[in-house]
Amino acid sequence: MTAHLSTVHNYTAWKTLNSIKNKSREGISQSYRKILPFLEWNSDNNIGTVIDFGNDGLFFNYCFLCLSISKNAFELSLSLIALDACHAQGSKNFFFIFASSLSGNNEIVPLAFAIAPTENEINWKKFMKKLDESLKISERNKVVIISFREKIILNSSKEIFLKCSHSLC
């Protein structure tokens, strides 16, 4: 392989590539090491806060946070939950899921959020199950779920929020 007037042997290139891959894996697992103490601190200092954290020993898999104040605010808010998500890209890619509602004054009330390495049905279902468990959505009458037109969200929502209506934006 010749590039920029220098010769790199295949073995050297392969060894370098593997070294970079291994370091990036270490970096990902190290970058998420502060999440669990943050979640635990919130749980200890906000009685009623619901947290969830998952890893397979080496790599971060999932985290969820629903603060007790958000649970209290949902009791007083409209029976409306907006689900949305975004992807963050950079040296560490992740998927950020969140749920919010509206107060009686039309103010946005953050309810819960989750961080996952990828967007897939498993992570959406985990988020919705924890959201239901935290806010007791299935026990409420006439809750409306609003989301964008994503098949994963629609299917997961229909499966988990049985009594809720689902609208698209």
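The turns below go through a predicted model of this protein, from its overall fold to its salt bridges, cores and cysteines.

Me: What is the order of the elements of the protein, from the N terminus on?
Reply: The protein has five helices and nine strands, and the two kinds of element are interspersed along the chain. Read from the N terminus on, the order is β-β-α-α-β-β-α-β-β-β-α-β-α-β.

Me: Which element of the protein has the lowest mean pLDDT, and which the highest?
Reply: Across the whole protein the average pLDDT is 78, and 77% of the residues score at least 70. Where pLDDT is low, the predicted coordinates should not be read in detail. Among the elements, the lowest mean, 46, belongs to strand β1 (residues 2-3), and the highest, 90, belongs to β7.

Me: What share of the residues in the protein is buried?
Reply: The protein exposes about 10600 Å², of which carbon and sulfur atoms supply 56%. Burial is counted residue by residue, with under 20% relative accessible area as the cut-off. Of the 169 residues in the protein, the buried share is 33%.

Me: How many salt bridges does a search of the whole structure find, and which residues are linked in a network?
Reply: The search of the whole structure gives three salt bridges. K125 pairs with E121, with the closest N and O atoms 3.2 Å apart, and K125 also meets E159 at 2.9 Å, N to O. The remaining pair is E133 with K130, at 3.1 Å from N to O. The count is therefore three, and the residues linked in a network are E121, K125 and E159.

Me: Where in the protein do K125 and E159 lie, and how many residues apart are they?
Reply: The side chains of K125 and E159 meet in a salt bridge of 2.9 Å, N to O. This pair links distant parts of the chain, with K125 in helix α4 and E159 in helix α5 (residues 151-160), whereas K125 and E121 both lie in helix α4 (residues 121-135), about one turn of the helix apart. The separation of K125 and E159 in sequence is 34 residues.

Me: Is K125 buried or exposed?
Reply: A residue counts as buried under 20% relative accessible area. The partners of K125 are partly exposed, E121 at 34% relative accessibility and E159 at 45%. K125 itself has a relative accessible area of 18%, so this lysine is buried.

Me: Why is K130 classed as buried and E133 as partly exposed?
Reply: E133 and K130 both lie in helix α4, three residues apart, about one turn of the helix. The cut-off for buried is under 20%, and partly exposed lies between that and 50%. E133 is partly exposed because its relative accessible area is 45%, and K130 is buried because its value is 15%.

Me: Which residues touch the most other members of the largest nonpolar core?
Reply: The largest nonpolar core has 28 residues, and the elements that give two or more residues to this core are β4 (60-66), β5 (80-88), β6 (94-102), β7 (108-116), α4 and α5. Apart from it lies another core of six residues, among them I35, F60, L65 and I115. In the largest core, the residues that touch the most other members are I81, L83, W124, F127, L131 and I137.

Me: Which residues does I81 touch, not counting residues up to four places away in sequence?
Reply: I81 is one of the residues that touch the most other members of the largest nonpolar core. With residues up to four places away in sequence left out, I81 touches F74, A99, S100, L111, L131, I137, V143, V144, I145 and I146.

Me: Is C63 buried or exposed?
Reply: C63 has its place in strand β4, and its contacts beyond four places in sequence are I35, L39, D52, F53, F113, A114 and I115. The C-alpha atoms of C63 and I51 are 7.3 Å apart in space, although twelve residues separate the two in sequence. With a relative accessible area of 1%, C63 is therefore buried.

Me: How many disulfides does the count come to?
Reply: A disulfide is a covalent bond between the sulfur atoms of two cysteines, and the cut-off used is a sulfur pair within 2.5 Å. Among the cysteines, C66 is buried at 0% relative accessible area, whereas C86 is partly exposed at 35%. The number of disulfides by this rule is zero.

Note on methods:
Residues are numbered from 1 along each chain as its sequence is written. This is a predicted model: local features need pLDDT of at least 70, side-chain atom pairs count only at pLDDT 80 or more; totals for chains, interfaces and linings use all residues. Side-chain values use heavy atoms; hydrogens and water are left out. Helices (H or I, at least four residues) and strands (E, at least two) are DSSP runs, numbered from the N terminus. Buried means under 20% relative accessible area, exposed over 50%, partly exposed in between (1.4 Å probe, protein chains only). Accessible areas come from the Shrake-Rupley method with a 1.4 Å probe; for residues, only the protein chains shown count as cover. A salt bridge is a side-chain nitrogen of Lys or Arg within 4 Å of a carboxyl oxygen of Asp or Glu. A nonpolar core is a set of buried Ala, Val, Leu, Ile, Met, Phe, Trp, Tyr and Cys residues joined through side-chain atoms within 4.5 Å. Contact means heavy atoms within 4.5 Å. pLDDT is the predictor's confidence in each residue, from 0 to 100.
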